Amino acid sequence: MQAFCKLNGLVAPLDRSNVDTDAIIPKQFLKSIKRTGFGPNLFDEWRYLDHGELGMDCSKRPLNPDFILNQSRYQGAQILLARDNFGCGSSREHAPWAMFDYGFRAVIAPSFADIFANNCFKNGILPVVLPAETVARLFAEIEATHGYCLDVDLEQQLVTTPSGEVFGFTVDEFRKKCLLGGLDDISLTLQHVEEIKTFEARRKIEEPWLFGS
């Protein structure tokens with residue numbers, strides 16, 4: 001997993017509440033479990049004017065000109081700003097896969113669905129909770145300013161605006177440690193590989209019948 005420490009990134013504003021995971025990555029794309037290649041289908045039903053299916057060439061599909069990610073000023077955005085309850089709905093891990101593959105490394109919202117937030121941490125994306133009034137101010141500033149970027153510092157737990165205004169956020173210490181170190185569940189397990197090998201060797205001696213000998 002890619003570590004997250006500090007990010008200075010362009011912000012794209014998705015001014016919607018209760019964005020569920022089926023909107024983030026529709027169900028027809030869940031047939032693949034490769035973790036990569038989902039970026040072109042992020043927010044598929046809002047982003048395109050036709051119906052998308054797995055394996056389609058998205059470069060030839062008609063874009064919805066009114067959708068925020070299709071506007072030129074937000075191309076290359078690495079931070080998504082959203083409203084309450086982002087990532088609600090089903091627990092599909094494909095949602096953060098699609099966001100990461102598109103290029104998002106952080107999402108800022110007043111609240112997140114718990115499972116979605118946990119899946120973000122496990123896939124290199126930082127979900128940042130800020131008060132609703134702060135998020136509303138950021139939406140207004142983004143609307144008024146082309147090329148609006150934010151600094152997000154996980155180690156210091158701070159979000160800094162272009163004017164120098166600073167907002168603190170809280171994060172679970174274990175999740176913070178994992179994201180700073182780029183440690184997903186597999187990486188955490190592999191930190192104990194020698195202990196695992198020792199246990200397996202001892203088990204073969206103490207209970208050989210379990211191993212067919």
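How many residues apart in helix 8 are Arg-202 and Glu-206? They are four residues apart in helix 8 (residues 193-206), so about one helical turn separates them. Helices here are DSSP runs of H or I with at least four residues, strands are runs of E with at least two, and both are numbered from the N terminus.

A word on the basis of this report: the model is predicted, local features need pLDDT of at least 70, side-chain atom pairs count only at pLDDT 80 or more, and totals for chains, interfaces and linings use all residues. Residues are numbered from 1 along each chain as its sequence is written, and side-chain values use heavy atoms, with hydrogens and water left out.

**Salt bridges**

Side chains of opposite charge can pair when their charged atoms come close. A salt bridge is a side-chain nitrogen of Lys or Arg within 4 Å of a carboxyl oxygen of Asp or Glu, and the count by this rule is nine. The table shows some of them.

| Salt bridge | Closest N to O |
|---|---|
| Lys-6 and Asp-153 | 3.9 Å |
| Asp-57 and Lys-60 | 3.9 Å |
| Arg-202 and Glu-206 | 3.8 Å |

Lys-6 belongs to strand 1 (residues 6-13) and Asp-153 to strand 5 (residues 149-153), so their bridge links distant parts of the chain, 147 residues apart. For accessibility, buried means under 20% relative accessible area, exposed over 50%, and partly exposed in between (1.4 Å probe, protein chains only). Lys-6 is exposed at 62%, whereas Asp-153 is buried at 14%. In the second bridge, Asp-57 is partly exposed at 40% and Lys-60 is exposed at 69%. Back in helix 8, Arg-202 is partly exposed at 40%, and Glu-206 is partly exposed at 49%. Elsewhere, Asp-44, Asp-50 and Arg-61 are joined into one network by salt bridges that share partners.

**Aromatic rings**

Rings of Phe, Tyr and Trp (its six-membered ring) pair if their centres lie within 6.5 Å; planes under 30 degrees apart count as stacked, over 60 as edge-to-face and the rest as tilted. The whole structure holds eight such pairs. Phe-38 and Trp-97 make a tilted one, with 6.0 Å centre to centre and 35° between the planes. Phe-38 sits in the loop between helix 1 (21-24) and helix 2 (44-47) and Trp-97 in helix 3 (residues 94-102), so this pair ties together parts 59 residues apart in sequence. Both Phe-38 and Trp-97 are buried.

Phe-86 and Phe-112 have ring centres 6.3 Å apart and planes at 85°, so they pair edge-to-face. Phe-86 is buried, with a relative accessible area of 0%, and Phe-112 is buried at 12%. Phe-43, Trp-46 and Phe-67 form one aromatic cluster.

A charge sits over a ring if NZ of Lys or CZ of Arg is within 6 Å of the ring centre and within 35 degrees of the ring normal. Arg-16 lies over the face of Trp-46, 3.9 Å from the ring centre, and Arg-61 lies over the face of Tyr-48, at 3.8 Å.

**Helix 6**

The buried residues of helix 6 (residues 173-181) are Arg-175, Lys-176, Cys-178 and Leu-179. Seen down the helix axis, they fall within an arc of 165° (taken from the directions from the axis to the C-beta atoms), so they line one face of helix 6. The face turned away from this buried side carries the exposed residues Glu-173 and Lys-177. After helix 6 comes Gly-182, whose phi is positive, near 65°.
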